[in-house]
Amino acid sequence: MQTVYVNLPTAEAVHAFVIRISPLAGQFDLLSGRHVFDAKSLMSILTLDLTKPIELRVEKDTEETMRAIKQFITDEPAVL
């Protein structure tokens, strides 16, 4: 299991992200505060604050999986 931060600033980026991870095996969870959201759910992601990077927990962090989400990965957000 691996945790990374993803940047999904637009609805188009969210859509592209969901299309990329949907066929991949394993669970993908987005964490916002104490809440956990299914990262394969377009509607769930659109309820989040997309103005800042979101924590993504990847259950099966295979090379294929990490390559598929590479374009969305960003540095850990600074604490405000």
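## A buried threonine and the sheet around it

At 3% relative accessibility, Thr65 counts as buried, and this residue makes a convenient entry point into the structure, which is a predicted model. Thr65 lies in helix α3. Apart from neighbours within four places in sequence, the contacts of Thr65 are Leu24, Phe28, Val58 and Lys60. With Lys60 there is also a polar approach: a polar atom of the Thr65 side chain lies 3.3 Å from the backbone oxygen of Lys60.

The same helix offers a view of the exposed side of things. Helix α3 spans residues 63–69, and within it Glu63 and Arg67 are four residues apart, a separation of about one helical turn. These two residues form a salt bridge, with the closest N and O atoms 3.4 Å apart. Both Glu63 and Arg67 are exposed, whereas Thr65 of helix α3 is buried.

A search of the whole structure finds two salt bridges. Besides the pair in helix α3, Asp49 and Lys52 meet through their side chains, at 3.8 Å from N to O. Here the partners are partly exposed: Asp49 has a relative accessible area of 40%, and Lys52 has a relative accessibility of 45%.

Stepping back to the overall fold, the protein has three helices and five strands. Along the sequence these elements follow the pattern β-α-β-β-α-β-α-β. The five strands form an open sheet in the order β3-β2-β4-β1-β5, with antiparallel pairing. Strands β3 and β5 are the edges of this sheet, each pairing on one side only.

The pairings can be followed strand by strand. Strand β1 (residues 2–6) runs antiparallel to strand β4 (residues 54–58), and five bridges join the two. Within this pairing, Gln2 has Val58 of β4 as its bridge partner; Val58 is also one of the residues in contact with Thr65. Strand β1 also pairs with strand β5 (residues 73–74), again in the antiparallel sense, over two bridges. In that pairing Val6 stands opposite Ile73.

Towards the other edge, strand β2 (residues 28–32) and strand β3 (residues 35–38) pair in the antiparallel sense over four bridges. Leu31 stands opposite Val36 of β3. The strands β2 and β3 make a hairpin with two residues between them, and in this hairpin Gly33 takes a positive phi near 65°. Phe28, at the start of the β2 range, appears among the contacts of Thr65.

Some global values complete the picture. The radius of gyration of the protein is 11 Å, which agrees with the value near 12 Å for a compact globule of 80 residues. Taken along the principal axes, the C-alpha atoms fill a box of roughly 35 × 25 × 20 Å. Of the 80 residues, 34% count as buried. The contact pattern favours separation along the chain: among contacts between residues at least 6 apart in sequence, 65% join residues at least 24 apart. The protein exposes about 5,100 Å², and carbon and sulfur atoms supply 52% of that area.

Technical notes. Residues are numbered from 1 along each chain as its sequence is written. This is a predicted model: local features need pLDDT of at least 70, side-chain atom pairs count only at pLDDT 80 or more; totals for chains, interfaces and linings use all residues. Side-chain values use heavy atoms; hydrogens and water are left out. Two strands pair if DSSP finds at least two bridges between them. A salt bridge is a side-chain nitrogen of Lys or Arg within 4 Å of a carboxyl oxygen of Asp or Glu. Buried means under 20% relative accessible area, exposed over 50%, partly exposed in between (1.4 Å probe, protein chains only). A polar contact is a pair of N or O atoms within 3.5 Å; within protein, one must be able to donate a hydrogen and the other to accept it, and residues adjacent in sequence count only if both atoms are side-chain atoms. Contact means heavy atoms within 4.5 Å. The radius of gyration is taken over C-alpha atoms; the globule rule is 2.2 Å times the number of residues to the power 0.38. Accessible areas come from the Shrake-Rupley method with a 1.4 Å probe; for residues, only the protein chains shown count as cover.
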